[in-house]
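Student: Before we look at anything, I would like to ask how the descriptive words used for a structure are justified. Could we go through them one at a time?

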Amino acid sequence: MDEMQEITREFLIESNDQVDEMDSILVELEKMPDSKELLSTIFRAIHTIKGSGGTLGFKNIERLSHAGENLLSVMRDGRVRMDTEIATWLLAMNDAIRCMLTSIETTGAEGPTRTQAVIDHLTMYANLAEGSKQAGRNATRKRSQAVVATPAGAGAGCVASLLDLEEPLRDAAEPLVDASDVTSVIEAALEVAEAASTVEQALELVATSSTDEASRPQQPVGSGVAVSEPDQEENSSSSLAAAKSTIRVDVNLLDNLMDLVGELVLTRNQILQLTSKVDEPTFLRTAQKLKFLTSNLQEGITKTRMQPIAMLWKKAPRLVRDLAAGCGGKKVKIEMSGAETELDKTILEAINDPLLHLLRNSVDHGIETPAMRIKRGKPETGTISLRAYHEGGQVNIEIRDDGEGIAFQRVKQKAVEQGFINAAQAASLSDQEALNLIFLPGLSTARAVTNVSGRGVGMDVVKTNIEKIGGTIAVRSEPGKGTSLNIKLPLTLAIVPALIVASGGEQFAIPQANLIELVRLEAEAASREIERIHGFPVYRRRGNLLPLVELNAELDLGSRSEGSLSIVVLQVDGDQFGVVVEEIYDTEEIVVKPLGPQLKGHPCFSGATILGSGHVALILDAWGLAKRAGSTADEESRSAVARDFGPLAAVNEVVESWLLFRVGTDGQLALPMSGISRLEKIDVKKVERSGHHEVVQYRGQIMPLVRIATALGIESASADPRSLQVIVYPKSGRDVGLVVDEILDIVQGQSLLDTRHVEHGVAGCAVIQDRVADLLDVNALLAAWEVAPQLSPVAA
Amino acid sequence: MTTTSTKLCTFFLDDQFFGIEVARVQEIIRYQQMTRVPLAPKTIGGLLSLRGQIVITIDLRERLGFPPRPEGRLPINVLVRSDGGIESLLVDDIGDVVEVDADTFEPPPRTLRGIARDMIRGVHKLDGRLLLLLDVNQVVSTKPTFENSPNEKE
């Protein structure tokens with residue numbers, strides 16, 4: 001009894017695999033109808049299903065696969081050629097088998113799946129090859145009916161869900177068929193079925209019942225099949241040999257093993273920590289051996305859980321085929337490379353839905369109709385290419401289509417219409433930023449809601465699901481040319497290398513996947529080199545400003561200890577930022593344990609682990625930190641959009657000569673030298689008043705003075721109270737004197753302009769020759785200042 | 001049927017007497033160094049390593065609205081099996097395993113309000129004292145609401 005169940009279970013697993021495989025082969029066969037190799041493969045698969053199904057007493061499966069086998073056998077002999085119609089029916093056969101397998105799994109019996117229609121059609125096509133007049137005539141007749149019935153097959157994907165409807169339909173239809181009144185069958189069926197798809201089902205039934213009698217006597221016409229039987233045996237035995245080198249293992253067993261290895265890794269780490277304390281050669285040697293063996297074991301177990309991404313992709317051709325048919329006859333071909341790329345099973349499962357969703361999007365929104373494509377000068381058939389490859393300990397998956405791309409303007413417009421951003425924000429977004437709007441929850445850009453997509457639930461879910469497993473997704477698009485989505489995923493989730501850091505007396509683990517580099521700052525350098533822009537810490541790394549997150553402050557760990565610091569530079573989604581920690585320890589292979597439900601959704605931690613020391617350490621979530629860093633740095637000046645995508649790096653390269661000066665007590669300001677005519681020191685006594693304004697006589701003109709300190713609303717801190725440091729700045733044909741506290745330097749060279757910290761009078765923040773300076777926005781200041789003279793009667 | 005008795009593992013918070021079904025209690029261990037979880041709700045005492053497993057500890061004082069434990073007084077871990085897994089409850093002191101009869105049981109009085117109401121299943125009227133029966137699943141199901149970052153700017 002138990003043994004029987006075991007065998008049945010194995011049959012189910014195997015057959016499901018084979019049906020899946022047949023799906024993709026069939027789609028391929030449609031393109032290469034003469035491939036003997038593909039035909040043989042699919043033939044072997046159906047033969048195996050027939051054999052095992054029959055042995056286990058699943059008569060319907062046996063009968064159905066027998067019909068399919070017959071057809072495939074004549075096709076293999078080249079007597080019938082593959083076409084879309086045949087493919088559709090063979091796919092329908094797959095679906096029916098799948099339904100029965102599901103039913104066996106849940107109820108133990110094949111269930112009520114109706115297979116007659118499919119069997120009849122398969123038989124009919126097979127008979128096309130037979131010379132017999134009778135068969136030929138019947139076949140032609142049936143062929144015409146098959147045309148009517150084909151739509152049912154096109155909706156084959158829905159067969160499973162339609163099963164329930166099929167039964168009553170059948171009941172309603174059968175007594176009527178006896179009266180051979182086809183029209184009333186349809187009518188009766190229509191009464192039962194409301195959905196349009198069920199009508200197709202009804203048509204199928206009509207076809208079935210009318211061909212029932214005709215096809216039955218033809219079934220024994222299997223003489224041609226019998227001839228080819230021996231070589232079928234040969235084929236299946238060769239595939240059996242291949243099967244013997246692999247065995248099926250319960251996933252739970254693997255999961256348990258993985259957990260055990262996890263524990264073993266922890267134990268090894270603890271032992272290795274002991275080696276520094278114990279000076280016993282035998283122990284040290286044993287510990288080394290343990291280290292080596294554990295690593296190998298871990299690697300081995302990790303491998304057993306790895307599966308090629310082809311496991312997911314094999315569903316793609318069928319999905320794309322059915323979708324394309326459902327989207328107004330689009331023509332889409334799918335290309336794959338790197339299908340052998342392996343991923344941990346858990347990750348594979350997690351990206352299944354997102355991947356299918358993206359494919360659906362590509363077919364539905366991406367690829368244009370054939371007519372449109374021709375008009376745009378593209379090949380009639382659209383291409384979706386799937387690419388997977390390993391890179392830097394991560395797996396990259398790329399989904400690219402050559403469709404119409406994403407219209408940035410439309411996305412912006414939709415986002416404004418649906419109230420996600422206001423018009424001003426929309427105008428300031430770059431194309432790439434606009435593109436990122438598609439990840440907003442609820443935003444849909446589809447022109448019309450179709451069955452397939454456009455309901456506004458989608459890309460945000462895709463993004464969240466991918467981020468949940470530590471992956472990232474990026475979208476690139478060129479209007480009219482196509483769209484590509486890049487997904488980066490970790491190889492495995494269970495055991496990851498991590499950097500152990502400490503801050504505020506606590507240890508944390510940072511997964512190395514996000515790690516870019518480490519910077520150590522000695523005690524006296526620490527306070528100097530971590531600079532602040534409006535309170536937010538930054539660090540100059542090779543001339544670029546690196547935003548910082550101070551772990552102590554961010555996690556409320558208490559104030560930072562004096563002494564040396566380290567910056568852990570992390571990268572998330574193309575943005576880099578530094579995490580300031582007090583101590584950096586070693587790297588360790590950590591076993592990721594989920595946080596309990598009480599801590600799920602913690603903004604900064606993605607899990608916990610037990611370190612070699614036996615202590616529990618929390619695993620820092622680089623993504624969460626980046627988000628927090630982004631949101632705190634942006635403050636209220638940024639919209640929710642910006643927060644969603646982390647810091648928007650608007651860093652422009654500017655090469656110029658700069659004047660650095662000081663106003664107030666701290667910080668330095670900069671102006672491009674190109675805008676300045678000269679620098680002057682002016683005696684305070686020479687300053688006269690004209691109305692509300694201070695003026696001086698300068699080179700035969702009256703030059704108004706603008707005190708920058710006052711304009712910026714900060715306290716002036718001039719070193720010399722008797723003279724004014726003035727920058728002469730030509731503006732609309734006359735000179736204006738900008739009064740500053742001190743001229744610091746003139747520097748030349750490249751600078752980086754970071755416009756994230758824009759505020760009144762400051763155009764942004766620049767790094768010029770390793771110095772951070774706020775760029776003074778003179779035009780804005782003067783514009784504000786010039787309003788005043790109009791109010792007062794005394795103009796300069 | 002009224003004589004059905006249950007065994008309760010008992011413990012104290014201040015001088016209040018609490019009980020949990022023995023079947024729900026995995027073990028009791030003395031205070032251990034915990035890893036605190038920054039930004040987590042106060043009811044989360046920290047994370048504990050229990051033979052290779054990470055266990056969340058719940059500070060029962062915080063959870064039931066008691067004042068904080070006096071300085072220098074170390075709590076005791078009562079490891080319980082809830083529907084969600086294993087958690088640890090931090091309590092002041094451990095009592096005996098008490099066998100109670102169903103007829104000493106009474107649902108919580110209507111006057112009992114506040115957060116404790118959901119967590120106290122009822123009261124066993126014992127000689128000279130009341131034993132409050134805790135609902136383990138309710139006690140451990142703290143909502144994950146997180147504080148904002150402290151530097152979310154003044």
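Student: How many residues of chain B are in contact with chain A, and what makes them count as being in contact?

Tutor: In this predicted model, 23 residues of chain B are in contact with 28 residues of chain A. The word rests on a cut-off, since two residues are in contact if their C-beta atoms, placed from the backbone, lie within 7 Å.

Student: Which strands of chain B supply at least two residues each to the side that touches chain A?

Tutor: Strand 4 (44-50) and strand 5 (53-59) of chain B each do so, and strand 4 of chain B gives the most, with four residues. Sorted by character, the side of chain B that touches chain A divides into twelve nonpolar, eight polar and three charged residues.

Student: Which values tell us the confidence in chain B?

Tutor: Its mean pLDDT is 83, and 90% of the residues of chain B reach 70 or more. Among the elements of chain B, strand 6 (residues 76-82) has the highest mean, 92, and helix 2 (residues 116-119) the lowest, 80. Over residues 147-154 of chain B, however, pLDDT stays under 50, and the model has eleven contacts beyond four places in sequence for that stretch. Where pLDDT is low, the predicted coordinates should not be read in detail. For the model, the scores are ipTM 0.82 and pTM 0.47.

Student: Why are helix 3 and helix 5 of chain A called roughly parallel?

Tutor: The axes of helix 3 (residues 59-76) and helix 5 (residues 116-127) of chain A come within 8 Å and cross at roughly 20°. Angles under 35 degrees count as roughly parallel, and helix 3 and helix 5 of chain A are therefore roughly parallel to each other. The crossing in which helix 3 of chain A passes helix 5 of chain A is left-handed.

Student: Which residues make that contact, and how do they divide by character?

Tutor: From helix 3 of chain A come A:Arg63, A:Leu64, A:Ala67, A:Gly68, A:Asn70, A:Leu71 and A:Val74, and from helix 5 of chain A come A:Val118, A:Ile119, A:Leu122, A:Thr123, A:Tyr125 and A:Ala126. They divide into nine nonpolar, three polar and one charged.

Student: What makes helix 15 of chain A roughly antiparallel to helix 20 of chain A?

Tutor: Helix 15 (residues 345-366) and helix 20 (residues 459-468) of chain A pack at an angle of about 150°, with their axes 9 Å apart. Angles over 145 degrees count as roughly antiparallel, and that makes helix 15 of chain A roughly antiparallel to helix 20 of chain A. Their crossing is left-handed. The contact includes A:Ala350, A:Asp353 and A:His357 of helix 15 of chain A, and A:Val462 and A:Asn465 of helix 20 of chain A. The residues of this contact divide into six nonpolar, two polar and one charged.

Student: Why do strand 10 and strand 11 of chain A stand at the edges of their sheet?

Tutor: Six strands of chain A form this open sheet in the order 10-14-15-13-12-11, with mixed pairing. Strand 10 (515-521) and strand 11 (530-533) of chain A each have a single partner strand, so one side of each is left without a neighbour in the sheet. Neighbouring strands of this sheet are turned by 35° against each other on average, direction ignored.

Student: How do you know that strand 14 and strand 15 of chain A pair?

Tutor: Two strands pair if there are at least two bridges between them, and seven bridges join strand 14 (residues 565-572) of chain A to strand 15 (residues 575-581) of chain A, the two running antiparallel. One example is A:Gln571, whose bridge partner in strand 15 of chain A is A:Gln576.

Student: How many bridges join strand 9 of chain A to strand 18 of chain A, and in which sense do they pair?

Tutor: Strand 9 of chain A pairs with strand 18 (residues 616-620) of chain A in the parallel sense over two bridges, and the requirement is at least two. Here A:Phe508 stands opposite A:Leu618. Strand 9 (residues 506-511) of chain A is also joined by six bridges to strand 8 (residues 495-503) of chain A, and these two run antiparallel. Strand 8 and strand 9 of chain A form a hairpin with two residues between them, and A:Gly504 in the turn has a positive phi of about 55°.

Terms used. Residues are numbered from 1 along each chain as its sequence is written. Chains are lettered from A and ligands numbered from 1 in the order in which they are written. This is a predicted model: local features need pLDDT of at least 70, side-chain atom pairs count only at pLDDT 80 or more; totals for chains, interfaces and linings use all residues. Axes are lines fitted to C-alpha atoms, for helices over the stretch in contact, and angles run from 0 to 180 degrees between N-to-C directions. pLDDT is the predictor's confidence in each residue, from 0 to 100. Angles under 35 degrees count as roughly parallel, over 145 as roughly antiparallel, 65 to 115 as roughly perpendicular and the rest as oblique. A crossing is left-handed if the near helix is turned anticlockwise from the far one by less than a right angle, and right-handed if clockwise. Ala, Val, Leu, Ile, Met, Phe, Trp, Tyr, Cys and Pro count as nonpolar, Asp, Glu, Lys and Arg as charged, and the others, Gly among them, as polar.
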